[in-house]
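Please work through the following exercises with the sequence and the three-dimensional structure at hand. Each task is followed by a worked solution.

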Amino acid sequence: MNTFTKTAVAAIAALVFIVPSVSAGDLQPGDAASIARGGQLYDKWWKVVKGTEPSGTHAAYPSDAKKEGSTTWRCKECHGWDYIGDKGRYSSGSHYSGIAGLLGLAGGDPAAIGASIRGEPHGFGADLLDDAAIGDLAMFISKGQFDMAPHIVDGNSTGDAAVGEALYATVCAGCHGGDGMKIKEMPPLGEIAGNPQETMHKIMFGQPAESMPALHVFGAQVAADITAYLQTLPK
Ligand code: HEC
Ligand code: HEC
């Protein structure tokens, strides 16, 4: 390609305005809130919709896998905090179910994704999740999911803990305390950060039904830097 062609292609690309799948800076303003709510629904949907916690084990949860009860209804239990299901953190151990992740759907058509959530093997009818919730989940799956692989290696965040310390002190410490132990209803943040995939998901999308902020609009590096700092806090 010569310089003129390159300039022309760039100009056309700018005019056409192709929305990339994960760059928060290019999102429509209304999309950001939908994606964050979708991420919280993915975590524990009944808290977000103020619905009833499911009682039995989900019919699609394999009978030889180890969990039972309401947790088997959480999207994260089957598809993973890292969105790669049986290829990621849940490839072994007590959370192993053998079910695939959804990261391959990043950038996909939200309407088609919504139909998959409603359909088999899920049984997520309108009695459980209304159309707005399905729409938010589909937005999260299409535009909120991100690849955690560059940010977590061997269970350690690859982020910059010094940057994370400054972010933590100004964004998180007011609620969680300087040592991450101020909220007594949850384990210390230093302990939770032993699961950096879960921690990054919660920093990016927030905690279901809590006033905690969602930092997705600032990008995954911010979440990785904070996670690196959390991994230095007392357990
Ligand atoms: C009990 C386990 C389980 C739970 C809970 C669950 N899923 Fe699934 N999901 C599956 C299985 C099994 C498939 C079929 C694909 C496969 O076999 O891996 C699937 C497929 C999907 C697909 C289509 C995947 C594709 O590649 O086309 C989407 C989208 C999806 N799930 C979203 C969700 C969302 C959103 C939630 C939470 C509201 C959720 N799932 C909860 C088990 C589960
Ligand atoms: C407005 C207050 C508030 C702010 C600000 C806040 N959080 Fe939270 N956070 C909460 C609450 C409340 C919970 C839920 C506690 C519980 O489980 O009872 C929570 C839960 C969490 C959890 C999940 C805990 C679990 O049990 O799984 C993580 C991880 C977390 N916060 C990290 C952070 C980080 C990192 C920041 C800064 C980027 C932050 N929070 C900012 C209020 C806040």
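The exercises below treat two metal sites, one histidine and one helix pair.

This is a predicted model, in which local features need pLDDT of at least 70 and side-chain atom pairs pLDDT 80 or more, while totals for chains, interfaces and linings use all residues. Residues are numbered from 1 along each chain as its sequence is written, ligands are numbered from 1 in the order in which they are written, and side-chain values use heavy atoms, without hydrogens and water.

**Exercise 1.** Determine which protein donors bind the iron atom of ligand 1 and what geometry the site has.

Step 1. Donors are N, O and S atoms within 2.8 Å of the metal (3.2 Å for Na, K and Ca). The protein donors here are His79 (NE2) and His122 (NE2), at 1.9 to 2.0 Å.

Step 2. Six donors count as octahedral if opposite donors are over 155 degrees apart and all others between 65 and 115. The angles among the six donor atoms are 87 to 179°, and the site is octahedral. Ideal angles for six octahedral donors are 90 or 180 degrees.

Step 3. His79 lies in helix α3 (residues 75-79) and His122 in the loop between α4 (110-118) and α5 (131-144), so the pair ties together parts 43 residues apart in sequence. Helices are DSSP runs (H or I, at least four residues), and strands likewise (E, at least two), numbered from the N terminus.

Step 4. Buried means under 20% relative accessible area, exposed over 50%, and partly exposed in between (1.4 Å probe, protein chains only). His79, at 13%, is therefore buried, whereas His122, at 23%, is partly exposed.

**Exercise 2.** Describe the site of the iron atom of ligand 2 in the manner of Exercise 1.

Step 1. His176 (NE2) and Met212 (SD) coordinate this iron atom at 2.0 to 2.2 Å.

Step 2. Angles of 82 to 180° among its six donor atoms accompany an octahedral site.

Step 3. His176 belongs to helix α6 (residues 161-176) and Met212 to the loop between α8 (196-205) and α9 (220-230), 36 residues apart.

Step 4. His176 is buried because its relative accessibility is 11%; Met212, at 29%, is partly exposed.

**Exercise 3.** Is His151 buried or exposed, and where is its place in the chain?

Step 1. His151 is in the loop between α5 and β1 (152-153).

Step 2. Its relative accessibility is 11%, so His151 counts as buried.

Step 3. The C-alpha atoms of His151 and Gln221 are separated by 7.6 Å, although these residues are 70 apart along the chain.

**Exercise 4.** State which residues of α2 meet α8.

Step 1. Contact means heavy atoms within 4.5 Å. Ile35, Ala36, Gly39, Gln40, Tyr42 and Asp43 in α2 meet His201, Lys202 and Phe205 in α8.

Methods: Four donors count as tetrahedral if all angles lie between 85 and 135 degrees; four count as square planar and six as octahedral if opposite donors are over 155 degrees apart and all others between 65 and 115; anything else is irregular.
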